[in-house]
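Me: I'd like to go through this model and ask why each label applies. Can you set the values against the cut-offs as we go?

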Amino acid sequence: MKKLLAILFVLVSLTGCTTKLPAEIVTLSSSMEQQLLSSQKSHITLVQSYFQVVRKQREDWIQTVWLQEYLKIFIKTGKLEETVKGEVVWDPLNKKFVTPKSPYQEVQKFDTLMVWTTQVQKQLAKKRLELIAPLDSQEQELIAKVNAAYAQLLANNATITAHLASVKDVEDVQTRLLDNAGLEGLNDDITKTFSKISEESNKLNQKLSEANSKLGD
């Protein structure tokens with residue numbers, strides 16, 4: 001896209017500022033707006049697709065690795081087996097396990113299992129908040145950078161089109177507009193963000209692979 005802007009300036013220089021520009025050049029500059037909008041949409045789709053994949057990877061890790069390990073520990077500390085057998089129930093007033101009292105054993109067992117389930121769901125939500133929620137802000141931040149970069153490009157293109165149409169002050173704005181095109185910085189931001197998230201995801205994927213191997217055994 002930046003090369004196309006440069007070509008337009010070369011054409012202007014060749015024709016000279018006092019010569020009427022061919023209508024095709026002005027038309028070409030005007031049509032670049034749609035090309036820029038299409039490119040912007042592609043950039044945003046790339047970012048969204050990437051984060052969608054990373055979210056799924058992290059959710060798989062939570063379900064396959066973290067949750068399995070958490071349940072192994074919590075089944076013991078939460079006395080799930082003893083509760084199912086009717087040996088203990090949770091006393092919410094004293095915050096401890098006690099022996100069920102007749103004739104409320106089944107109700108107490110049900111209440112205890114509900115407390116147990118709620119605790120697991122709470123910890124699961126906490127882990128998702130820790131690993132997945134930050135991706136939302138990272139994604140929106142990157143999309144905002146994409147939109148800002150293309151907003152600058154669209155503004156620059158509008159300026160170029162206006163100057164081409166009037167054949168006035170083109171050479172004076174050439175360097176400034178090209179230097180402010182913005183795609184190089186945008187691509188750097190996307191690459192750095194993707195690299196950082198990929199590094200984090202690789203660690204999770206390694207644990208996910210190890211967990212899958214154990215399940216296969």
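Reply: Sure, and bear in mind that this is a predicted model. One definition to begin with: a helix here is a DSSP run of H or I, at least four residues long, and helices are numbered from the N terminus.

Me: Fine. Where does A144 sit by that rule?

Reply: A144 is in helix α5. Across the chain, its C-alpha is 9.4 Å from that of I44, although the two are 100 residues apart in sequence.

Me: Why is A144 called partly exposed?

Reply: Partly exposed covers what lies between the buried cut-off, under 20%, and the exposed one, over 50%. A144 has a relative accessible area of 43%, so it gets the middle label.

Me: And what makes T193 buried?

Reply: Its relative accessible area is 18%. Buried means under 20%, so T193 qualifies. T193 is in helix α7, residues 183-216. Leaving out neighbours within four places in sequence, T193 touches F51 and L142. T193 and Q138 are also 8.0 Å apart, C-alpha to C-alpha, with their positions 55 residues apart in sequence.

Me: On to charges. How do you know that E139 and R55 form a salt bridge?

Reply: The N to O distance between their side chains is 2.4 Å. The rule asks for within 4 Å, so the pair counts. E139 lies in helix α5 (residues 133-166) and R55 in helix α2 (residues 23-77), so the salt bridge ties together parts 84 residues apart in sequence. E139 is buried too, because its relative accessible area is 9%.

Me: Which residues are in the salt-bridge network with R55?

Reply: D136 and E139 are linked with R55 in that network. By the same rule, the count for the model comes to seven salt bridges.

Me: What makes K56 and D60 a salt bridge?

Reply: Their side chains meet at 3.1 Å, N to O, and that is within the 4 Å limit. Both residues lie in helix α2, four residues apart, or about one turn of the helix.

Me: Why do K56 and D60 get separate exposure labels?

Reply: K56 has a relative accessible area of 53%, so it is exposed. D60 comes out at 28%, so it counts as partly exposed.

Me: How do you know that R128 and E59 pair?

Reply: The same test applies: the N to O distance is 2.9 Å, so the pair is within 4 Å. R128 is in helix α4 and E59 in helix α2, so this salt bridge ties together parts 69 residues apart in sequence. R128 at 29% is partly exposed, and E59 at 21% is partly exposed as well.

Me: Why does K109 have no salt bridge?

Reply: The nearest side chain of opposite charge, E106, is 4.1 Å away. The limit is 4 Å, so K109 is left without one, even though it is buried. The side chain of K109 does reach the backbone oxygen of V84 at 3.1 Å, so that counts as a polar contact by the 3.5 Å rule. K109 is in helix α4, residues 105-131. Setting aside sequence neighbours within four places, its contacts are T83, V84, G86 and V89.

Me: What makes the pair W90 and F97 edge-to-face?

Reply: Their ring centres are 5.0 Å apart and their planes are at 70°, so the pair is edge-to-face. The cut-offs here are 6.5 Å for the centres and over 60 degrees for the planes. W90, at 26%, is partly exposed, and so is F97, at 24%.

Me: How many aromatic pairs are there, and which residues form the aromatic cluster?

Reply: The count is five aromatic pairs. W66, Y70, F74 and W116 make up one aromatic cluster.

Me: Which residues have the most contacts inside the largest nonpolar core?

Reply: W61, I62, W66 and V120 do, in a core of 13 residues. Helices α2 and α4 each supply at least two of its residues, and α2 gives the most, with seven. Another core lies apart from it, with twelve residues including L36, Y50, F51 and L135.

Methods
Residues numbered from 1 in each chain as written. Predicted model: local features only at pLDDT ≥ 70, side-chain atom pairs only at ≥ 80, totals over all residues. Heavy atoms only, no water. Buried < 20%, exposed > 50% of the residue type's maximum accessible area, 1.4 Å probe, protein only. Lys, Arg positive; Asp, Glu negative; His and termini not counted. Polar contact = N/O pair within 3.5 Å; in protein donor to acceptor, adjacent residues only side chain to side chain. Contact = heavy atoms within 4.5 Å. Core = buried A, V, L, I, M, F, W, Y, C linked by side-chain atoms within 4.5 Å. Phe/Tyr/Trp six-rings, centres within 6.5 Å; stacked < 30°, edge-to-face > 60°.
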